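Take a look at the model below. Where is its open space, and what packs together inside?

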Amino acid sequence: MNKTILIGNLTRDPELTETPSGVAVCKFSIAVSRDYADADGNREADFFNITVWRGRAENCGKFLKKGNKVGIVGKIQNRSYT
């Protein structure tokens, strides 16, 4: 089973585009704070790139802005490229 739940803040404004066939795609990244702090009391964050499709993509592009807190439910896919 591949199910992920992330809660974090947008690090930049979403980028809403369309595929050549007209399907809406929205891309953005979020920062998720870790549960623990280091010896100096600083909390680190992990950064995730998010891709949303179709109607949800249109809503994300319309309503989300940098700094907004968001909840993401989806699946993780690793991709490599050179």
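This report covers the pocket, a strand residue and the nonpolar core. The model is predicted.

**Pocket.** The largest pocket holds about 1000 Å³ of space. Its lining counts 27 residues, and Asn49, Ile50, Thr51, Lys75 and Gln77 are the closest to its centre. By type, the lining divides as follows.

| Lining class | Residues |
|---|---|
| Nonpolar | 14 residues |
| Polar | eight residues |
| Charged | five residues |

Several elements build this wall. β1 (4-10), β3 (24-37), β4 (43-53), α1 (54-63) and β5 (69-74) each give at least two lining residues. β4 has the largest share, with six residues.

**Thr4.** This residue sits in strand β1. Is Thr4 buried or exposed? Thr4 has a relative accessible area of 16%, and the limit for buried is under 20%, so Thr4 counts as buried. Beyond its neighbours within four places in sequence, Thr4 contacts Ile72, Val73, Gly74, Lys75 and Ile76.

**Core.** In soluble globular proteins, nonpolar side chains tend to be buried together. Here, the largest nonpolar core has 14 residues. Phe28, Ile30, Ile50, Val52 and Ile72 touch the most other members. β1, β3, β4, α1 and β5 each contribute at least two residues to this core. The largest share, five residues, belongs to β3.

Phe28 has a long contact list. Leaving aside neighbours within four places in sequence, Phe28 is in contact with Leu10, Arg12, Pro14, Phe48, Asn49, Ile50, Val52, Cys60, Leu64 and Ile72.

Definitions and conventions:
Residues numbered from 1 in each chain as written. Predicted model: local features only at pLDDT ≥ 70, side-chain atom pairs only at ≥ 80, totals over all residues. Heavy atoms only, no water. 1 Å grid on protein atoms, 1.4 Å probe; cavity = no way out; pocket = protein on both sides within 12 Å on 5 of 7 lines; lining within 4 Å. Points joined across faces, edges and corners; volume = space filled by probe spheres on them. Helix = DSSP H or I, 4+ residues; strand = E, 2+ residues; numbered from the N terminus. Nonpolar A, V, L, I, M, F, W, Y, C, P; charged D, E, K, R; others polar. Buried < 20%, exposed > 50% of the residue type's maximum accessible area, 1.4 Å probe, protein only. Contact = heavy atoms within 4.5 Å. Core = buried A, V, L, I, M, F, W, Y, C linked by side-chain atoms within 4.5 Å.
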